[in-house]
Amino acid sequence: MPLLELRNLTKTYPGQTGIFGASGKPVRAVDDVSFTIEAGETLGLVGESGCGKSTLGRLILRLIEADSGEVIFDGKDVLKASPGEMRHLRRDMQVVFQDPFGSLDPRMRVEQIVTEPFVIHERGSIGHRQKAAELLRAVGLDESALARYPHEFSGGQRQRICIARALALKPRFIVCDEPVSALDVSVGAQIVNLLRSLQRDLGLTYLFISHSMPIVRYLSTRIAVMQAGRIVELGTTEEVTERPQQEYTRTLLAATAELTTAGLRPPAGK
């Protein structure tokens with residue numbers, strides 16, 4: 001049984017209202033999407049900006065509500081879960097957003113940020129600082145960072161803090177929503193390599209959302225190509241990148257063929 005299964009997931013937004021009060025055509029941001037993700041794999045979700053990738057990630061986590069369809073996580077229907085059941089599910093399902101600075105409360109020290117999941121989901125405060133220090137070390141930061149504020153860090157360091165917070169409750173599944181698109185190439189490569197190492201060490205499962213085919217190709221077990229809210233191609237990384245079936249996929253590959261991916265370590269055995 002897959003860890004995550006989407007069945008006919010759909011989300012439509014009302015059209016924008018014009019200056020004369022006329023309503024525009026509704027926009028189907030996610031259009032009848034179905035796929036599975038196996039435990040321990042990375043499914044790369046790739047497509048141009050505005051195709052519905054981030055909306056899909058938020059639907060999976062129920063950060064926004066779907067119009068119809070099912071999200072089955074470890075046999076449980078996320079969309080029908082009660083508030084108490086969702087509280088439990090959120091321990092296992094986490095997210096790393098695109099903008100690390102926007103994801104962090106500038107008024108909170110790093111210790112407060114990283115330990116916040118413990119405060120919300122666990123009783124008492126014994127050992128929280130030690131756990132936070134261990135999490136920071138796991139993402140390549142020193143314990144001294146605990147006393148500092150987000151603005152004191154670089155973009156890459158802030159994203160490491162976001163990853164540490166996402167790992168706090170030992171999740172099984174993480175939606176990585178374009179986590180390196182706001183970073184320069186070399187720093188982004190370091191974050192991608194960190195995510196790969198964490199997956200290997202902790203047995204994580206990822207949905208990795210990106211508009212960059214080279215990064216998705218490097219990191220993913222399989223690739224889903226999204227266009228205008230629909231999955232137009234889905235297969236192994238080799239199938240999608242070496243033998244694409246759709247013209248849209250070939251266009252994405254051609255558009256990003258020359259992008260630099262310096263600093264990405266090749267997977268073991270390759």
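## Overview

A helix here is a DSSP run of H or I spanning at least four residues, and helices are numbered from the N terminus. The model is predicted. Its protein chain has 9 helices and 10 strands.

The chain holds 270 residues, and buried residues make up 49% of them. Its accessible surface comes to about 13300 Å². Carbon and sulfur atoms account for 50% of that surface. Many contacts span long stretches of sequence: among those between residues at least 6 apart, 68% join residues at least 24 apart.

## Helix 4

Helix 4 covers residues 128–138. Its buried residues include H128, A132 and A133. L135 and L136 are buried too. Viewed down the helix axis, the buried residues fall within an arc of 160°, so they line one face of helix 4.

What do these buried residues pack against? Their partners are helix 3 (110–121) and helix 5. After helix 4 comes G140. The phi of G140 is positive, near 90°.

## Two nonpolar cores

In soluble globular proteins, nonpolar side chains tend to be buried together. Here the largest nonpolar core has 48 residues. Six of its residues touch the most other members: L136, V139, I161, I163, L167 and L198. Helix 5 (residues 155–167) gives the most to this core, with 6 residues. L136, one of the six named above, is also among the buried residues of helix 4.

I163 shows how such contacts spread along the chain. Leaving aside residues up to four places away in sequence, I163 touches V96 and V139. I163 also touches I191, L194, L195 and L198. A second core of 31 residues is separate, and includes I37, C51, L56 and I60.

## Strand 3

Is strand 3 (residues 42–46) mostly covered or mostly open? It is mostly covered, with 5 of its 5 residues buried. In a regular strand the side chains alternate between the two faces of the sheet. Both faces of strand 3 are covered. T42, G44 and V46 are buried on one side, and L43 and L45 are buried on the other.

Strand 3 pairs with two other strands. With strand 8 (residues 205–210), strand 3 shares 5 bridges, and the two run parallel. With strand 9 (residues 222–227), strand 3 shares 4 bridges, again running parallel. L43 takes part in both pairings. The bridge partner of L43 in strand 8 is L207, and in strand 9 the partner of L43 is R222.

Terms used. Residues numbered from 1 in each chain as written. Predicted model: local features only at pLDDT ≥ 70, side-chain atom pairs only at ≥ 80, totals over all residues. Heavy atoms only, no water. Buried < 20%, exposed > 50% of the residue type's maximum accessible area, 1.4 Å probe, protein only. Pairing = 2+ DSSP bridges. Core = buried A, V, L, I, M, F, W, Y, C linked by side-chain atoms within 4.5 Å. Contact = heavy atoms within 4.5 Å. Areas by Shrake-Rupley, 256 points an atom, 1.4 Å probe, with all protein chains shown as cover. Arc of directions from axis to C-beta.
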